[in-house]
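Trainee: Before we rely on the terms used for this model, I would like to go through the reasoning behind some of them.
Mentor: Then let us look at it together and take the terms one by one.

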Amino acid sequence: MTDELKTDEPTAVPAVSVVGPDEGEVIVLGSTRMRVLEDGSNTGHRIGIAESVLAPHTPGPPQHRHARHDEGFYIVSGTVRFTVADQEYDATAGTLVMVPPGAPHTFANRTDRPAVMLSTFTPDLYVQYFRDLRDMSADGRPLTPRASLQVMSRYATEPAADGG
């Protein structure tokens with residue numbers, strides 16, 4: 001070993017983030033309870049992760065497209081109906097749905113049982129969208145489709161009303 005490679009200073013170990021089962025930031029939007037497990041602050045904003053519990057008969061968001069992030073959905077329990085353009089998929093526990101930028105999509109729980117899914121946002125920018133919606137409703141403003149679309153536009157997301 002040469003002198004150039006020797007060092008008396010310890011190597012910095014990156015911090016590890018651990019979020020326990022009763023921890024994480026909780027965001028309630030209508031009949032959906034989201035628990036933010038990683039908002040990007042521990043990953044250099046490369047990824048955000050959230051667990052969502054969709055109550056029975058939760059309609060979900062209007063069909064939309066993201067311009068700047070991938071979105072992944074892993075179904076932990078229950079069944080979630082994904083609509084991608086004009087095709088529908090019933091995703092059951094153990095199913096992963098990956099939505100690349102530009103793909104029109106939405107999801108809903110049309111069943112009589114709750115559904116739980118783990119969502120990823122790569123990069124993390126869309127986590128703040130959910131916080132903004134929560135803050136709007138906390139301020140007493142109604143979460144109208146128009147208001148939601150205005151917030152979506154801040155995060156490179158637009159409606160896909162044409163379904164394609």
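Trainee: Which strands does helix α1 lie across, and at about what angle does the helix run to β1?
Mentor: In this predicted model, helix α1, residues 127–138, lies across β1, β2, β3 and β10, and its direction is at about 60° to β1.

Trainee: What makes β2 and β3 a pair of strands?
Mentor: Pairing requires at least two bridges, and β2 (residues 32–38) shares six bridges with β3 in the antiparallel sense, so the criterion of at least two is met. One of the residues involved is threonine 32, whose bridge partner in β3 is leucine 54. β3 also pairs with β10 (residues 115–122), again antiparallel, over seven bridges, and there serine 52 stands opposite methionine 117.

Trainee: Why are β1 and β8 said to stand at the edges?
Mentor: The open sheet of six strands is ordered β1-β2-β3-β10-β5-β8, with antiparallel pairing. Because β1 (25–29) and β8 (96–99) each have a single partner strand, one side of each is left without a neighbour in the sheet.

Trainee: Why is threonine 58 called buried?
Mentor: Buried means under 20% relative accessible area, and threonine 58 has 4% relative accessibility, so this residue counts as buried. Threonine 58 lies in the loop between β3 (48–54) and β4 (64–66), and, leaving aside its neighbours within four places in sequence, is in contact with Ser31, Thr32, Ala108 and Asn109.

Trainee: How do you know that the side chain of threonine 58 makes a polar contact with alanine 55?
Mentor: The cut-off is 3.5 Å, and the threonine 58 side chain reaches the backbone oxygen of alanine 55 at 2.6 Å.

Technical notes: Residues numbered from 1 in each chain as written. Predicted model: local features only at pLDDT ≥ 70, side-chain atom pairs only at ≥ 80, totals over all residues. Heavy atoms only, no water. Helix = DSSP H or I, 4+ residues; strand = E, 2+ residues; numbered from the N terminus. Buried < 20%, exposed > 50% of the residue type's maximum accessible area, 1.4 Å probe, protein only. Polar contact = N/O pair within 3.5 Å; in protein donor to acceptor, adjacent residues only side chain to side chain. Contact = heavy atoms within 4.5 Å. Axes fitted to C-alpha atoms, helices over the stretch in contact; angles between N-to-C directions.
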